[in-house]
Amino acid sequence: MSSTARFDVAAYVRAPFGPMRATLQGVGSALPADLADALRYVQRRAQGTGSWLSHVLVTATHKDARITAFLSTWAYEAHWFGDALSAIAGAGPVPAIRRGVAAKLRDRFGPLREAVVANLHGRALTGVQMTERLVDGWIVDAMLERAQQLAPTGVAEDLARIREGIARQGRFFAEAATDALSHSRAARVLARRRLAKRTWPIGADHEPAAATARALQALFGPDRSWATAIDSRIDSLPGLAGLHLVRRTVRKPGRPPFRMPLRSARSAAARSHRKDDAR
Amino acid sequence: MAFDIDTFAETSEAVGWSDIDLDAFRTDPLSETSLRALRYMCDVEYHTVCYLRDMLVTPSHGDGEVSTFMTMWNREEYWHGEALAAVLGVHGVTVEYDQLKASRVKLGWRDRIDPIKQSIYGNIVGKDFVATHMSWGSVNERGAAAAYRRLAKLEPHPALAPLLKRIAAQESRHIAFYTTQATKRLEESRLARMFTRFALSNVWGPVGSTIEPEEEVRFVMGFLFDGEEGLREVRKMDEAIAKMPGMEGLSVVEKAFRARGLYTDLAAA
């Protein structure tokens, strides 16, 4: 697809990645325990899209039939990517998730709150959601890329196929996010605030922080270059410079920030706004 | 009735129609009435993602099996919409993303409030609300499958009937999932039985009645289900629903249809 061609949703929904088990090369390969554990971590993220969707579909996003057509297929693909990872990594311990009262309340009332708040923000939220998934896709892809380097050949080939699928999904999210952020100041301000507030990757807040820490440690060890590289990509998105989301995730995996960069959000938004005016 | 979610997921597929000669409609088009019904069905199928939304705000999405089913179900229903849109397209009726968006925008506040309502009910009733959701799904899928079978009978076009039968076959698998889940959950909880019975008796309306104008609902349901033969089909649905734990004696569908002016000359059960 050329950079100017619009993502072809009709073609995408016609040819999704489906069940992969029958064609996996690496099932049964002996994997180091920490690598298998990290793959199971990614698998849980892939098969845990319901919570994110519950927050998205209560907003104006659900009215956009092109986006919902994409998301229906995206959720289908994510399920099968997760299933493939599950087959490759084999069975293993699932971290005991002890949700505190506050977290349980967030689980129960989060979508309700979002449905109410969404009526105030309107379509700006759609841009935010597309940006969230774009960034999440970059993080997950970096994890799988590293796993690919650490894994035996058969598994590496399987992971390459999954990454191919994630890259295709990413093209849609990139287009939708860039479009929204370029054209809407509200989307930029909101995206900045919400992305900074989130725990990464999406769904990490549904697990003990130690599970995210273990997965990142197993894959990247002390290396931080991957995080810097993704942060640079985020910096290049309209209005999102200087968030350092992934470096923060590496410093405090699985934990949300103590402080939100609100001042920075305002000034960055103002800068973007001035740029818009100058164009 | 057992339901294997893994088998269902692995065999879930987009309904196919590439082997059906849709060009047959060019020389032998469908009647205006059938096209109107198809348009209604197409809108409902495309709208499935909004029903999914209403489910995701309830405790249902936390259940692994339900979540897997919903992912597959949502995609299958989307493709039912695509298949029906292809038939409508040959008749010069185009259904595009922008039109669907416009029709969703037109729903206004009702559409915005629906997920809030669902979430409130879900949080009040808690886990037992999943049973209500599954029972509701069972009734809706029965309605959809029966509607496709009826249309295939009323309009036995050689290009339409096979497509409708394929869609109805997928809907039958959805019925099996919903009914299995509903039965299990209703058996386990008195509160679930009470709340579900209340919801089905007092709130349920024909599939599509929350998104289509009332005039369309009456027209399409009248076309498909009015008369003795239609009533027989409706009673079959009601009998199946009444077999679910705690739903004995309900005539959910017949009651909703009579309220919309059907069967005025036929005696109630």
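**Exercise 1. In this predicted model, find out which residues of helix α12 of chain B are buried and where they sit around the helix.**

*Step 1.* Start by listing the buried residues of α12(B): G230(B), L231(B), E233(B), V234(B), M237(B), D238(B) and I241(B).

*Step 2.* Now place the helix. α12(B) runs over residues 227-242, which makes 16 residues. From first C-alpha to last, α12(B) reaches 22 Å, close to the 22 Å expected at 1.5 Å a residue.

*Step 3.* Recall a rule about helices. An α-helix has 3.6 residues a turn, so residues three or four places apart point the same way.

*Step 4.* Look down the axis. The buried residues of α12(B) cover an arc of only 160°, which puts them on the same side of the helix.

*Step 5.* Check the other face. Turned away from the buried side are the exposed residues E228(B), E229(B), R232(B) and E239(B).

*Step 6.* Finally, name the packing partners. The buried residues of α12(B) pack against α8 (129-154), α11 (214-225) and α13 (252-258) of chain B.

**Exercise 2. Do the same for helix α9 of chain A: which residues are buried, and what do they pack against?**

*Step 1.* Helix α9(A) covers residues 209-220, has 12 residues and spans 17 Å, close to the expected 16 Å.

*Step 2.* Its buried residues are A211(A), T212(A), A215(A), L216(A), A218(A) and L219(A). Seen down the axis, they fall within an arc of 165°, so they line one face of α9(A).

*Step 3.* These buried residues pack against α2 (33-46), α6 (124-150) and α11 (245-251) of chain A.

*Step 4.* Just after the helix comes G221(A), with a positive phi near 55°.

**Exercise 3. Describe the side of chain B that touches chain A.**

*Step 1.* Count the partners: 26 residues of chain B are in contact with 25 residues of chain A.

*Step 2.* Find the elements of chain B that give two or more residues to this side: α4 (48-56), α5 (64-90), α6 (97-106) and α7 (108-125).

*Step 3.* Sort the residues of this side of chain B: 13 are nonpolar, 7 polar and 6 charged.

**Exercise 4. Where in chain A does the pLDDT fall below 50?**

*Step 1.* Begin with the whole chain: chain A averages a pLDDT of 88, and 90% of the residues score at least 70.

*Step 2.* Residues 262-266 of chain A lie below 50, and this stretch has 5 contacts beyond near neighbours in sequence. Residues 275-279 of chain A are also below 50, with 0 such contacts.

*Step 3.* Draw the lesson: where pLDDT is low, the predicted coordinates should not be read in detail.

Methods: Residues are numbered from 1 along each chain as its sequence is written. Chains are lettered from A and ligands numbered from 1 in the order in which they are written. This is a predicted model: local features need pLDDT of at least 70, side-chain atom pairs count only at pLDDT 80 or more; totals for chains, interfaces and linings use all residues. Two residues are in contact if their C-beta atoms, placed from the backbone, lie within 7 Å. Helices (H or I, at least four residues) and strands (E, at least two) are DSSP runs, numbered from the N terminus. Ala, Val, Leu, Ile, Met, Phe, Trp, Tyr, Cys and Pro count as nonpolar, Asp, Glu, Lys and Arg as charged, and the others, Gly among them, as polar. The expected span of a helix is 1.5 Å times one less than its number of residues. A residue is buried if 20 or more other C-beta atoms lie within 10 Å of its own, exposed if 12 or fewer, and partly exposed in between; C-beta atoms are placed from the backbone. The arc is that of the directions from the helix axis to the C-beta atoms. pLDDT is the predictor's confidence in each residue, from 0 to 100.
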